[in-house]
Amino acid sequence: MVSEADVKPEIRKGLIGVVADVSAVSKVVQETNTLTYRGYGADDLVQNCSFEEVVFLLWHGELPKPKELEQFQLAERAFRTVDPSLLQTIAKLPTKSHPMDVVRTAVSFFGATNLSTNDPFVPSEHVNLARALQLFAVTPSLVAADLRRRHGRLPLPPNPDLGYSENFLWMCFGRKPSPEHVRAFETTMILYAEHSFNASTFTARVIASTLSDIYSAIAGAIGALKGPLHGGANEAVMHHMNEIGDPAKARDWVNARFANKEKIMGFGHRVYKDGDSRVPCAFAAFKAIATSDEGKRYLAIYEEMEAAVAESKGIKPNLDFPSGPLYALLGFDVEFFTPLFVMSRIAGWTAHVIEQYAANSLVRPLSSYTGVPQRPVVKPKD
């Protein structure tokens with residue numbers, strides 16, 4: 001007879017294939033290889049909606065009516081201004097720190113200034129939606145201020161007459177962006193906004209499951225997104241392309257990396273079986289602004305790398321591959337690519353945190369112990 005102690009548990013490293021909970025926020029439909037937000041295809045949303053409409057959808061379950069969208073836009077624009085004390089805090093942080101550390105610190109600042117010991121552990125959904133809106137609106141101002149200070153420039157105030165994406169590009173570079181640049185940036189914001197139980201989203205839900213506050217959950221998610229195997233992949237893509245430099249060297253570079261058993265970032269995805277469904281829209285946006293000599297060079301490197309990886313490994317690009325050069329062409333420093341991801345994914349993170357609170361169960365998995373068996377304490381002698 002086999003005892004329960006003799007049965008070895010099934011270990012799924014990285015929780016591969018484990019269904020941890022239910023969610024109505026998003027889904028990858030395997031039959032069509034489509035990412036959906038609340039039932040709408042992300043590619044359809046890119047073609048038909050603004051980023052603000054998509055954020056409203058993720059939080060409320062339906063696309064906004066015209067009056068609802070107008071009210072949402074007014075509310076978002078009212079929360080864009082950064083408190084001077086937070087700007088002073090950011091100014092004190094070393095410029096050698098990663099911009100993701102600055103964003104994480106800013107979210108913690110919000111939590112420390114907006115919460116009190118008398119607050120309920122989980123406030124109403126209405127309160128958490130207001131906090132989500134505040135974070136969503138002010139984070140672009142924080143990222144822009146940090147970008148400018150690293151170039152020795154003062155932050156620019158947000159422009160309430162501009163939409164989310166146009167205002168952010170204005171705050172970063174001090175000039176009105178072209179419609180093509182706004183559209184390209186907006187495309188990435190929509191595509192990065194949500195993606196089911198990825199590492200950072202699951203981190204946020206784990207923290208929320210303890211009944212910690214929404215700011216703590218988002219700060220934890222930012223920490224998870226910083227890693228190069230998650231959000232930091234788009235930075236690595238650009239480092240790859242800059243290292244290659246010449247499109248004629250791309251195939252040899254790819255083959256040498258694989259020969260040395262080194263990973264190439266921006267390819268493959270755990271969820272998609274037939275390539276990342278977000279790539280076609282992102283690539284089209286990248287190609288639309290790749291009109292300069294530098295843009296054409298990046299585009300040629302992209303195409304050479306894509307072909308070489310496909311020939312060698314049969315692996316297709318993921319969203320990070322086109323978004324890296326796209327952000328570079330918009331003028332962003334490489335280390336700011338992941339904070340851009342944060343600006344977008346706050347929408348999905350907060351939607352999941354609120355969903356977690358609504359039907360909470362503490363996330364507390366088990367582990368299979370592989371250490372030394374129980375033993376008595378015998379102190380070592382010389």
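In the predicted model, Phe-341 is buried, with a relative accessible area of 4%. This residue belongs to helix H16, which spans residues 337-358. Beyond the neighbours within four places in sequence, the contacts of Phe-341 are with Tyr-192, Leu-225, Gly-231 and Asn-234. The separation between Phe-341 and Pro-120 was also computed: the two residues stand 221 residues apart in sequence, and their C-alpha atoms are 30 Å apart in space.

Internal space was examined next. One cavity of 30 Å³ or more is present in the structure, and the largest cavity encloses about 40 Å³. Its lining consists of Ile-90, Pro-99, Val-102, Val-103, Ala-106, Leu-142, Val-143, Asp-146 and Phe-336. Two or more of these residues are supplied by each of helix H5 (99-114) and helix H6 (125-149). Helix H5 provides the largest share of the lining, with four residues. In terms of residue class, eight of the lining residues are nonpolar, none is polar and one is charged. Asp counts as charged, so the charged member of the lining is Asp-146.

The strands were then considered. An open sheet is formed by three strands arranged in the order S1-S2-S3, with antiparallel pairing. Strand S1 (26-29) and strand S3 (40-41) are the edge strands, each of them pairing on one side only. Strand S2, comprising residues 34-37, pairs with S3 in the antiparallel sense through two bridges. Within S3, Tyr-40 serves as the bridge partner of Tyr-37. In general, the strands of a sheet pair through backbone hydrogen bonds, in either a parallel or an antiparallel manner.

Finally, the cysteines were assessed. The number of disulfides in the model is zero. For Cys-281, the nearest cysteine sulfur is that of Cys-49, at a distance of 12 Å, and Cys-281 takes part in no disulfide. A disulfide requires two cysteine sulfur atoms within 2.5 Å, and the 12 Å distance from Cys-281 to the sulfur of Cys-49 therefore does not satisfy this cut-off. Cys-281 is buried, with a relative accessible area of 14%; because residues under 20% count as buried, this value falls in the buried class. Cys-172 is likewise buried, at a relative accessible area of 0%.

Methods
Residues are numbered from 1 along each chain as its sequence is written. This is a predicted model: local features need pLDDT of at least 70, side-chain atom pairs count only at pLDDT 80 or more; totals for chains, interfaces and linings use all residues. Side-chain values use heavy atoms; hydrogens and water are left out. On a 1 Å grid over the protein atoms alone, a cavity is a set of points where a 1.4 Å probe fits but cannot get out, and a pocket is an open set with protein on both sides within 12 Å along at least five of seven lines; lining residues have an atom within 4 Å of a point. Grid points are joined across faces, edges and corners, and a volume is the space filled by probe spheres set on the points. Two strands pair if DSSP finds at least two bridges between them. Buried means under 20% relative accessible area, exposed over 50%, partly exposed in between (1.4 Å probe, protein chains only). Contact means heavy atoms within 4.5 Å.
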